[in-house]
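Visitor: Before we turn to particular places in the chain, could you take me through this model step by step? I would like each answer to show its reasoning.

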Amino acid sequence: MTGVPAALRTAVDAAKERVAALHAELPRWELVVWTAGNVSERVPNPDGEDLLVIKPSGVAYEDITAEAMVVCDLAGNLVEGDRSPSSDTAAHAYVYANMPDVGGVVHTHSTYATAWAARGEEIPCVLTMMADEFGGPVPVGPFAVIGDDSIGHGIVETLRESRSPAVLMRNHGPFTIGKDGRSAVKAAVMCEEVARTVHIARQLGQPLPIEQSHIDSLYDRYQNVYGQH
Ligand SMILES: O=C(CO)[C@@H](O)[C@H](O)COP(=O)(O)O
């Protein structure tokens with residue numbers, strides 16, 4: 001694709017604004033240090049291939065503006081922008097290409113979630129907040145190299161089998177998905193929170209499991225009843 005199709009101009013520019021603003025949420029919620037995390041959003045294309053908006057690689061969060069965002073196709077190729085896309089672009093693109101309902105993807109190296117990833121251990125579902133947001137444990141994905149779509153394969157393989165919008169990629173850190181970028185950022189915030197709480201609970205003793213029937217009803221209530229509809 002040579003450039004953003006004219007029909008997608010407005011949608012791409014709006015996504016750039018949202019994605020730039022969402023990057024500011026990562027340091028605000030203390031999910032990243034330096035430049036170590038990224039947010040993207042899908043731009044649906046009713047007449048052809050969808051696009052994604054993501055940050056350029058290695059840019060400080062305070063320098064991230066809508067104008068600085070880059071646009072890629074779902075093979076990870078640069079479509080618009082004058083900087084190299086995030087090193088995780090191929091992973092984000094693979095998720096969009098293989099999970100049609102996903103509209104936002106986030107990656108961080110938030111401390112507690114990444115500590116669980118370093119151990120290759122799923123976070124057990126021992127909190128109502130986990131049942132609400134994740135519908136069960138937060139699963140672990142395989143080790144995968146950075147830079148191609150290997151991480152994307154690991155994310156898709158793992159999350160297809162799970163209700164969780166978060167996966168702990170082994171030895172790496174959390175990747176989260178959502179219907180849009182904001183939902184994926186929320187999942188990243190919640191993932192770090194439950195990783196921290198369950199870690200602390202384990203320092204105190206053995207956390208108590210929640211019965212599957214209760215997990216199911218908590219998940220259903222939070223996903224379908226909680227909040228404003
Ligand atoms: O996980 C990694 C590298 O280990 C990346 O997520 C970086 O931490 C952020 O990369 P850019 O998005 O700035 O390329």
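Visitor: How many helices and strands does the chain have?
Guide: This is a predicted model, and what follows is computed from it. The secondary structure of the chain comprises seven helices and eight strands.

Visitor: What is the radius of gyration of the chain, and what would be expected for a compact globule with 229 residues?
Guide: Along the principal axes, the C-alpha atoms fill a box of roughly 55 × 35 × 30 Å. A compact globule with 229 residues would have a radius of gyration near 17 Å, and the chain agrees with this because its own value is 17 Å.

Visitor: What percentage of the residues count as buried, and what share of the contacts with a separation of 6 or more comes from residues 24 or more positions apart?
Guide: Of the 229 residues in the chain, 43% count as buried. Among contacts with a separation of 6 or more, the share that joins residues 24 or more positions apart is 66%.

Visitor: Which residues does the UniProt domain annotation cover?
Guide: The unreviewed UniProt entry carries the annotation "domain: Class II aldolase/adducin N-terminal". Over the stretch in question the chain is 37% helix and 18% strand, with the end C-alpha atoms 36 Å apart. According to that record, the annotation covers residues 17–199.

Visitor: Which residues surround the ligand?
Guide: By class, the shell around the ligand has two nonpolar, seven polar and one charged residues. The residues that surround the ligand are Thr35, Ala36, Asn38, Ser57, Gly58, Ser86, Ser87, Asp88, His107 and Ile146.

Visitor: Which helix gives the most residues to the largest nonpolar core?
Guide: The largest nonpolar core has 60 residues, and those with the most contacts inside it are Val53, Val95 and Cys191. The element that gives the most to this core, with nine residues, is helix 6, residues 181–204.

Visitor: With which residues is Cys191 in contact, leaving aside its neighbours within four places in sequence?
Guide: Cys191 is one of the residues with the most contacts inside the largest nonpolar core. Once its neighbours within four places in sequence are left aside, the contacts of Cys191 are with Ala113, Val138, Ala166, Pro174 and Thr176.

Visitor: Is Val53 buried or exposed?
Guide: Val53 lies in strand 2, residues 51–54, and, leaving aside neighbours within four places in sequence, Val53 is in contact with residues including Val12, Val19, Val43, Met69 and Val71. Because 31 C-beta neighbours fall inside 10 Å of Val53, whereas 20 suffice for the class, Val53 counts as buried.

Visitor: Against which elements do the buried residues of helix 5 pack?
Guide: Helix 5, residues 150–159, is mostly covered, with seven of its ten residues buried. The buried residues are Ile151, Gly152, Gly154, Ile155, Val156, Thr158 and Leu159. They pack against helix 2 (89–98), strand 6 (140–141), strand 7 (166–169) and strand 8 (173–178).

Visitor: How far apart in space are Gly173 and Gly37, C-alpha to C-alpha?
Guide: Gly173 lies in strand 8 and counts as buried because it has 25 C-beta neighbours inside 10 Å. Leaving aside neighbours within four places in sequence, Gly173 is in contact with His107, Thr108, His109, Ala113, Thr114 and Ala117. Although Gly173 and Gly37 are 136 residues apart in sequence, their C-alpha separation in space is 9.8 Å.

Visitor: Where is Thr108, and is it buried or exposed?
Guide: The place of Thr108 is in the loop between strand 5 (104–107) and helix 3 (111–119). Beyond four places in sequence, the contacts of Thr108 include Leu26, Val32, Gly37, Gly173 and Ala188. Because 26 other C-beta atoms lie within 10 Å, Thr108 is buried.

Visitor: What phi does Glu30 have, and what phi does Asn171 have?
Guide: Most residues other than glycine have a negative phi. Glu30 is found in the loop between helix 1 (9–28) and strand 1 (38–43) and counts as exposed, with 12 C-beta neighbours inside 10 Å, while Asn171 lies in the loop between strand 7 and strand 8 and counts as partly exposed, with 14 such neighbours. Neither is a glycine, yet phi is positive at about 55 degrees for Glu30 and about 60 degrees for Asn171.

Conventions: Residues numbered from 1 in each chain as written. Predicted model: local features only at pLDDT ≥ 70, side-chain atom pairs only at ≥ 80, totals over all residues. UniProt positions renumbered as here; feature names shortened; annotations may be inferred. Helix = DSSP H or I, 4+ residues; strand = E, 2+ residues; numbered from the N terminus. Near = placed C-beta within 6 Å. Nonpolar A, V, L, I, M, F, W, Y, C, P; charged D, E, K, R; others polar. Core = buried A, V, L, I, M, F, W, Y, C linked by C-beta atoms within 7 Å. Contact = placed C-beta atoms within 7 Å. Rg over C-alpha atoms; globule rule 2.2 N^0.38 Å.
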